[in-house]
Amino acid sequence: MNPNLNRVGFQGFINLLRSSPDNLNSQSTSTISTILNISMGICFSSTHNDGDESDHNAEFAGGNVTLVSSKDAWDQKLSEAKKDHKIVIANFSASWCGPCRMIAPYYIELSEKHPSLMFLSVDVDELTDFSTQWDIKATPTFFFLRNGEQFDKLVGANKPELLKKINAIVDSEPPSRPV
């Protein structure tokens, strides 16, 4: 982070934002982007490669979260959800995104508490073309689907809002039918 930002504090940051574009260099723009990402709990979609080829997705799956690794797998899970009358919550995230990594364990925890819902995780870098079809502008982005159709969306790692949306879904579900 820009050490000058630490010296001038928040007001200096605001003044920097208000300044003319000529005063913003790449370091300032990078600093602003970092601060916005942290404060808003989102990472803006971009091409990112940290050179680490290891499987980062292990932290995004677990509990009752299914990692979707192909368009065919996505279609299969949506078909399964329709058949089982389940609402799908799809987390579009990226392994390099700090807020995505922060909310992943909570998302897994929610999946364990709400087995009547289907929790999916999609890595936007692994399924770039597919993610583009969903118009992902920032990560994490959560889509809420009923019968394969989006009915709600949440952008950012906002735990209280995610819980609120899930509770509203669970509270509106009819009681389970005996099998």
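Which hand does the crossing of helix 4 and helix 6 have, left or right? Let's find out in the viewer, keeping in mind that this is a predicted model.

**Stop 1: two helices side by side**

Select residues 98-113, which form helix 4, and residues 159-172, which form helix 6. Look along the pair and you will find that their crossing is right-handed. The two helices pack at an angle of about 20°, and their axes lie 11 Å apart. Angles under 35 degrees count as roughly parallel, so helix 4 and helix 6 are described as roughly parallel to each other.

Now show the side chains where the helices meet. From helix 4, pick Met102, Ile103, Tyr106, Tyr107 and Leu110; from helix 6, pick Lys159, Leu162, Leu163 and Ile166. Colour this contact by residue class and you should get eight nonpolar residues, one charged residue and no polar ones.

**Stop 2: a salt bridge within helix 6**

Stay on helix 6 and select Glu161 and Lys165, which sit four residues apart, about one turn of the helix. Their side chains form a salt bridge, with 4.0 Å from N to O. Switch on a surface and compare the partners: Glu161 is partly exposed at 25% relative accessibility, whereas Lys165 is buried at 15%. Add Asp152 to your selection as well, since salt bridges with shared partners link Asp152, Glu161 and Lys165 into one network.

**Stop 3: helix 3 and its end**

The structure has seven salt bridges, and further examples await at helix 3, residues 71-83. Select Lys71 and Asp75, whose side chains pair in a salt bridge at 2.7 Å, N to O. These two residues are four apart in helix 3, so about one helical turn separates them. Lys71 is partly exposed, with a relative accessible area of 38%, and Asp75 is also partly exposed, at 34%.

Next, move to Lys83 and Asp84, where another salt bridge joins the side chains at 3.8 Å, N to O. Here Lys83 is exposed, with a relative accessible area of 62%, while Asp84 counts as partly exposed at 36%.

**Stop 4: a serine in a strand**

Finish by selecting Ser93, which belongs to strand 3, residues 88-93. Is Ser93 buried or exposed? With 1% relative accessibility, Ser93 is buried. To see what surrounds this residue beyond its neighbours within four places in sequence, display its contacts: Phe60, Cys100, Ser121, Val122, Asp123, Val124 and Thr139.

How values were computed
Residues are numbered from 1 along each chain as its sequence is written. This is a predicted model: local features need pLDDT of at least 70, side-chain atom pairs count only at pLDDT 80 or more; totals for chains, interfaces and linings use all residues. Side-chain values use heavy atoms; hydrogens and water are left out. Axes are lines fitted to C-alpha atoms, for helices over the stretch in contact, and angles run from 0 to 180 degrees between N-to-C directions. Angles under 35 degrees count as roughly parallel, over 145 as roughly antiparallel, 65 to 115 as roughly perpendicular and the rest as oblique. A crossing is left-handed if the near helix is turned anticlockwise from the far one by less than a right angle, and right-handed if clockwise. Contact means heavy atoms within 4.5 Å. Ala, Val, Leu, Ile, Met, Phe, Trp, Tyr, Cys and Pro count as nonpolar, Asp, Glu, Lys and Arg as charged, and the others, Gly among them, as polar. Buried means under 20% relative accessible area, exposed over 50%, partly exposed in between (1.4 Å probe, protein chains only).
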